[in-house]
Amino acid sequence: MSETEYYRSQTYQEYLLSSHRRELCPPEDVYAFFNWKGLNNLVDFGSGLGFYFTEFRKWFPDVWIWAAECQQEIIDMILRRKLMEGIEQLTPFHIDQSDHPLLPEWVPVPEIIFASLSLSTFPNPGLAMDGLIRSMKAGGRLFIVDWSKTESGFGPKINEKISMDKMKFLAEEYKLEVTKSGRISEHFYGMEVKASSSFIYGYYDLKEEEDEDSAVFKQ
């Protein structure tokens, strides 16, 4: 496992469920930071073992939670937890590990995608944001929680963190609008992102007969 795949470590995944993480970034502060209005289907992108599952059920008792994960072993653990704890209205699903993630068509189009500590694991978080925005209907919102780029004795190394300013820059590079950004706590920041007025919805076509060297964009 390379350093950039620290998130695959079972030790790291267990840390993400720890009381220490809860102390550093209380879920109540995350809830207060974002505007959750109009929510029916929520995708927890890169959910891990489900740090927020209990909170979601408390905050949104009628909302369906779709937990997106690329690691099958984590999905199996989520399913086990769902059964053991009786967590209702929760469906984990596998999402392909891609630099430009797109939700599968059978998942109901969400109003909000919540990405906590996941976008910084991508080679280009801006491209990942682009894919997630395309997976929502027009007006859909992407909520980002990620590590501040500071030295600490926990979490990923500083060179594996993406600063809030760079995350905002990458979003704007893909014609996305950052409607809110700021520190949630000392070690975490939050960001709300949606498509800007110049964003063009469509899809990327990788057919070799149309372009052998690059992705062709089609409306």
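Select the loop between strand E4 (112-116) and helix H6 (125-134) in this predicted model; Leu117 is found there. The phi of Leu117 is near 55°, a positive value in a residue other than glycine. Is Leu117 buried or exposed? Its relative accessible area is 7%, and the cut-off for a buried residue is under 20%, so Leu117 counts as buried.

**A second positive phi**

Next, select Lys175, in the loop between helix H7 (164-173) and E6. Lys175 is not a glycine, yet it has a positive phi of about 60°. Its relative accessibility is 44%, which places Lys175 among the partly exposed residues.

**Helix H7**

Step back along the chain to H7, which Lys175 follows. Colour Met167, Leu170 and Ala171, which are buried residues of H7. These residues cover an arc of only 100° around the axis, and they therefore lie on the same side of H7. What do the buried residues of H7 pack against? Their partners are H6, strand E5 (141-147), E6 and E7.

**The sheet as a whole**

Now display the strands without the helices. Seven strands form an open sheet, and its order is E3-E2-E1-E4-E5-E7-E6. The pairing in this sheet is mixed. Which strands stand at the edges? They are E3 and strand E6 (176-185); each has a single partner strand, so one side of each is left without a neighbour in the sheet. From one strand to the next, the twist averages 20°.

**The edge at E6**

Select E6 together with strand E7 (residues 188-195). These two strands run antiparallel and are joined by eight bridges. For one pair to label, take Val178, whose bridge partner in E7 is Val193.

**The edge at E3**

Move to the other edge and select strand E3 (residues 90-94). E3 is mostly covered, with four of its five residues buried. Strand E2 (residues 64-69) runs parallel to E3, and five bridges join the two. Among the pairs to label, Ala67 has Pro92 in E3 as its bridge partner, and Glu69 has His94 in E3.

Add helix H5 (residues 72-85) to the selection. The chain passes from E2 through H5 to E3, and this β-α-β crossover is right-handed. H5 packs on the sheet and touches E2 and E3. The direction of H5 makes about 165° with that of E3.

**From E2 to E1**

Keep E2 selected and examine its surroundings. Five of the six residues of E2 are buried, so E2 is largely enclosed by the rest of the structure. On to E1: five bridges join E1 to E2, and the two strands run parallel. To locate this pairing in the viewer, label Asn41, which stands opposite Trp64 in E2. Then show helix H4 (residues 53-59), which makes a right-handed β-α-β unit with E1 and E2.

**Trp36 and its contacts**

Select Trp36, in the loop between helix H3 (27-33) and strand E1 (41-45). With a relative accessibility of 8%, Trp36 counts as buried. Which residues does Trp36 touch, not counting residues up to four places away in sequence? Display Val30, Tyr31, Leu42, Phe60, Ile112, Phe114, Arg141 and Phe143 to see these contacts. A distance label can be placed between Trp36 and Phe143: their C-alpha atoms are 9.5 Å apart in space, while the residues are 107 apart in sequence.

**The complete chain**

Finally, restore the full view. The protein has seven helices and nine strands. Of its 219 residues, 51% count as buried. Among contacts in the protein with a separation of 6 or more, 67% are accounted for by residues 24 or more positions apart. With a surface representation switched on, the protein exposes about 11,000 Å², of which carbon and sulfur atoms supply 50%.

Methods:
Residues numbered from 1 in each chain as written. Predicted model: local features only at pLDDT ≥ 70, side-chain atom pairs only at ≥ 80, totals over all residues. Heavy atoms only, no water. Buried < 20%, exposed > 50% of the residue type's maximum accessible area, 1.4 Å probe, protein only. Pairing = 2+ DSSP bridges. Right-handed = clockwise from strand over helix to strand, strands pointing away. Contact = heavy atoms within 4.5 Å. Areas by Shrake-Rupley, 256 points an atom, 1.4 Å probe, with all protein chains shown as cover. Axes fitted to C-alpha atoms, helices over the stretch in contact; angles between N-to-C directions. Arc of directions from axis to C-beta.
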